[in-house]
Amino acid sequence: MTLNTDTAAAGPAAGRGYRAVFAVREFRAVFAAHVLSLQGTVVAEIALSVLVFRLTGSPLLTALTFALGFVPYALSGTLLAGIADRFPPRRVLVVCDLLCALCAAGMVLPGTPIAVLLGLRCVMAMIAPVFTGTRAASLADILPGDTFVLGRSLIRMVAQGAQIVGFGVGGFLLVVLPPRAALAITVAAFLGSALLLRLGTARRPARGGGAARSAGGTGRLVRDPRVRALLLLCWIQPFFVVFPEALAAPYTDSIGAGTPGLGLFMAAMPVGTVLGELLAGAFLPPAARARLTVPLVACSLLPYALFALRPSLPLAVAAMFTTGLTAAYTLGLDQWFVAAVPEALRGRAMTLQSAGLMTIQGLGMAVAGAAAEFVAPHVVAAGAAGAGTVCVLVVLGRVRGSAGGGGK
């Protein structure tokens with residue numbers, strides 16, 4: 001059985017916003033585990049990159065430690081997606097955390113070869129889509145109706161903020177600790193997350209049955225016109241939205257903004273994203289958020305048109321911030337997606353969605369960088385406004401015309 005968007009606001013939690021989400025004990029455990037594992041991941045990225053650079057002096061190998069956090073997503077999200085529905089969700093989440101802790105422990109061991117360090121980082125990245133998809137599917141079991149949408153929103157907001165804090169904390173840790181000692185903190189973070197999930201969430205049976213074990217489960221999802229259209233909408237806007245971020249360094253350099261300007265430019269969109277979701281989730285009822293989904297996503301890339309004028313830093317920051325505010329459209333999109341997906345394939349669908357999102361964002365950054373080899377960065381960023389808006393409108397037409405009617 002899937003969630004019904006018409007009854008999303010039903011129940012005593014309706015109208016209570018984020019308070020209703022935190023009132024659910026299981027969600028508090030999932031939320032705390034998310035913060036721990038996220039901080040552990042960020043610290044691992046920083047500490048491992050420093051460790052690899054100190055051992056090799058190679059900028060290429062150092063960059064690989066970050067790249068390997070994105071590259072396996074497409075492969076893992078496709079081949080391993082069925083795990084999310086094939087086994088009890090709590091077991092999948094705990095095992096994923098324990099495997100990540102084991103990988104981090106292998107990085108801590110003195111004398112671990114560089115190839116093994118990079119291989120362990122790759123394994124952690126392959127685990128991430130399965131964990132993310134399973135957790136997203138579990139939230140629909142833990143949080144009924146509209147609280148599911150708000151719970152997903154909180155997870156995203158924490159991911160935005162915790163990464164910024166995590167990089168700061170990781171940098172501080174490496175001032176007072178050697179990289180391997182900082183990696184030991186990552187081990188503790190994943191073990192703490194596993195403990196919270198094991199003790200703080202209820203045991204539920206695997207939801208998938210035969211559908212989850214079927215090798216054609218992913219094909220069944222993408223053949224569904226409604227699910228396919230919503231997946232495209234989940235991916236197409238993020239593909240274009242990363243263009244200015246990918247070119248932040250050359251653009252801020254071209255306008256003479258310097259390093260402080262780069263920091264402001266990069267922070268503008270995450271701040272706008274958090275604020276937009278927070279305001280929409282706290283003050284708008286579910287029906288209003290659903291009505292705003294189409295107009296918000298349709299105009300989300302238009303602020304980038306300002307880059308055609310090669311704006312000064314304050315105007316560029318304003319454009320990024322405004323685009324971030326429109327990310328409130330994801331609250332309605334989340335509800336449409338979970339309503340469209342068969343419950344037996346929910347974990348697979350969430351895994352596919354998150355893996356595709358990470359992959360498409362990485363591809364978008366690569367395309368933006370390649371385009372900037374031939375034209376100025378501000379022209380590439382402005383191009384995202386035009387081309388991106390056209391593509392979003394085309395996909396919205398498919399969403400509105402697909403069965404289910406959530407986007408109508």
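Glu26, Val30, Pro89, Arg90, Leu93, Arg135, Ser138, Leu139, Ile142, Thr201, Ala202 and Arg204 line the largest cavity of this structure. The model is a predicted one. The cavity has a volume of about 90 Å³. Beyond the cavity, this briefing covers a pair of helices, H16 and H20, whose axes come within 8 Å, and a salt bridge between aspartate 141 and arginine 346.

**The cavity**

- The count of cavities of 30 Å³ or more comes to one.
- Three helices each give at least two residues to the lining of the largest cavity: H2 (25-56), H6 (89-108) and H7 (114-142).
- Helix H7 provides the largest share of this lining, with four residues.
- Sorted by class, the lining holds six nonpolar, two polar and four charged residues.

**Helices H16 and H20**

- Two packed helices are described by the angle between their axes and by the distance between those axes.
- Helix H16 spans residues 286-299 and helix H20 spans residues 377-401; their axes come within 8 Å and cross at roughly 155°.
- Angles over 145 degrees count as roughly antiparallel, and H16 and H20 are therefore roughly antiparallel to each other.
- On the H16 side, the contact is made by Val294, Val297 and Ala298.
- On the H20 side, Thr389, Val392, Leu393, Leu396 and Arg400 take part.
- The residues of this contact divide into six nonpolar, one polar and one charged.

**Salt bridges**

- Side chains of opposite charge can pair when their charged atoms come close.
- The structure holds six salt bridges.
- One of them joins the side chains of aspartate 141 and arginine 346, with a distance of 3.0 Å from N to O.
- This pair links distant parts of the chain, as aspartate 141 and arginine 346 are 205 residues apart.
- Aspartate 141 belongs to helix H7, while arginine 346 belongs to helix H19 (residues 346-371).
- Helix H7 thus appears under two topics here: it supplies four residues of the cavity lining, and it holds aspartate 141 of the salt bridge.

Notes:
Residues are numbered from 1 along each chain as its sequence is written. This is a predicted model: local features need pLDDT of at least 70, side-chain atom pairs count only at pLDDT 80 or more; totals for chains, interfaces and linings use all residues. Side-chain values use heavy atoms; hydrogens and water are left out. On a 1 Å grid over the protein atoms alone, a cavity is a set of points where a 1.4 Å probe fits but cannot get out, and a pocket is an open set with protein on both sides within 12 Å along at least five of seven lines; lining residues have an atom within 4 Å of a point. Grid points are joined across faces, edges and corners, and a volume is the space filled by probe spheres set on the points. Ala, Val, Leu, Ile, Met, Phe, Trp, Tyr, Cys and Pro count as nonpolar, Asp, Glu, Lys and Arg as charged, and the others, Gly among them, as polar. Axes are lines fitted to C-alpha atoms, for helices over the stretch in contact, and angles run from 0 to 180 degrees between N-to-C directions. Angles under 35 degrees count as roughly parallel, over 145 as roughly antiparallel, 65 to 115 as roughly perpendicular and the rest as oblique. Contact means heavy atoms within 4.5 Å. A salt bridge is a side-chain nitrogen of Lys or Arg within 4 Å of a carboxyl oxygen of Asp or Glu.
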